[in-house]
Amino acid sequence: MANTSSRTLRLLSLLQTHRYWPGTELADRLDVSVRTLRRDVDRLRELGYPVEARRGVEGGYQLAAGAALPPLVIDDDEAVALVVALRAGAQGGAEGIAEPSVRVLSKVTRVLPARLRRRVEALHAMTVPAGWGAAGDASFDPAVLTVLALACRDDEQLRFTYTAASGEPTERHVEPHRLVCLGRRWYLVAYDLTRHDWRTFRIDRLSGPRTTGGRFRPRPLPAADAAEFVRSGLRELPRPHRVEVLVDAPAPTVRARVGRWGTVEEVDATHCRLLMTADTLNWPMLALGTLDADFTVLAPPELRDELRTWGTRFTRAALAPDGA
């Protein structure tokens, strides 16, 4: 059983998920008796946390909704995730949040324990900025990311299970080089010791990373940097949809809005052609929706069909309900 202080912090962390916890389930998670749980809840109340209790057989606990709470308690993985998101915001992830993100990032970093500061600094140092979307939009497992980042920094060999697009898992033994966040995904660039070549691994398909203790001398990467290596690999992937759109807006305007996701060709001073390739049509439609300009779909015909479907759905949503 954890000591009283650490157990109380763990209880607070669980309650801060803003869900209702049955008493028996919460006690099981903390590995304590229901009676000990009640004492821990009372201790939180003494510290100023408004914990509500429900009596009876199905009784339990939750923090009062909307209450002004003392500082949040977060675990190690949550701290790493917070720093990653703040760094994305500080790098201009969305208009108006860069400056506040820098301020909060500075405050959070200063109070991180040494063990966590080492992890987030390694993650920052070993991640190559790449564009094509913000890191804050990408899904990731903080524990996996930090294992990979530390291995990259320390030049230590890794083993992990990798699941291909076909669903087939394989065991990999690599020399990790850098992490790249590109197009809403995280990638590991590494030299594959089994295939004797450089490879890019999608981190959402990677599981169970573990260091081997074996060190290596870094090899020269066959690209300007890790981000360019990932980009070149993605360009070679087959993409079934090739989108061509004539946009009623100047090329510089369109390029500033969606240039990272496609090629913009000037037609004249007020029109341009936008070319994109994609696995599905959903992402091109979202990009077109951000143009704030009229456009004509030249190809493929399926895109026009999808736009009609979306248009009908959005029109229904925009209609006022009966009696409004």
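**A tour from strand E10 to the N-terminal sheet**

Begin by selecting Glu244, which stands opposite Leu275 in strand E12. The model on display is a predicted one. Glu244 also has a counterpart in strand E13, where it stands opposite Ala299.

Next, extend the selection to the strands themselves. Strand E10 covers residues 241–247 and strand E12 covers 271–278; the two run antiparallel and are joined by 7 bridges. Strand E13, residues 295–299, is likewise antiparallel to E10, with 4 bridges between them. Strands of a sheet pair through backbone hydrogen bonds, so displaying the backbone atoms is the suitable view for this stop.

Now select helix H9, residues 251–258, and colour Ala251, Val254 and Val258, which are buried. Viewed down the axis of H9, these buried residues fall within an arc of 70°, and therefore they line one face of the helix. Against which elements do the buried residues of H9 pack? Their partners are E10, strand E11 (263–268), E12 and helix H10. Turn to the face of H9 directed away from its buried side, and the exposed residues Pro252 and Ala256 come into view.

From H9, proceed to helix H10, residues 282–289, together with helix H11, residues 301–318. Two packed helices are described by the angle between their axes and the distance between the axes. For H10 and H11, the angle is about 65° and the axes lie 11 Å apart. Their crossing is right-handed. To inspect the contact, show the side chains of Asn282, Met285, Leu286 and Leu288 in H10; these meet Leu303, Glu306, Leu307 and Trp310 in H11. By class, the residues of this contact comprise 6 nonpolar, 1 polar and 1 charged.

For the last stop, move to strands E1, E2 and E3. These 3 strands form an open sheet in the order E1-E3-E2, with antiparallel pairing. Which strands are the edge strands of this sheet? They are E1 (21–22) and E2 (51–54), each of which pairs on one side only. Select E2 with E3, residues 60–63: the two run antiparallel and are joined by 4 bridges. Within this pair, Glu52 stands opposite Gln62 in E3. Finally, add helix H3, residues 34–46, which lies across E2 and E3 and runs at about 145° to E2.

How values were computed
Residues numbered from 1 in each chain as written. Predicted model: local features only at pLDDT ≥ 70, side-chain atom pairs only at ≥ 80, totals over all residues. Heavy atoms only, no water. Pairing = 2+ DSSP bridges. Contact = heavy atoms within 4.5 Å. Axes fitted to C-alpha atoms, helices over the stretch in contact; angles between N-to-C directions. Left-handed = near helix turned anticlockwise from the far one by under 90°. Nonpolar A, V, L, I, M, F, W, Y, C, P; charged D, E, K, R; others polar. Buried < 20%, exposed > 50% of the residue type's maximum accessible area, 1.4 Å probe, protein only. Arc of directions from axis to C-beta.
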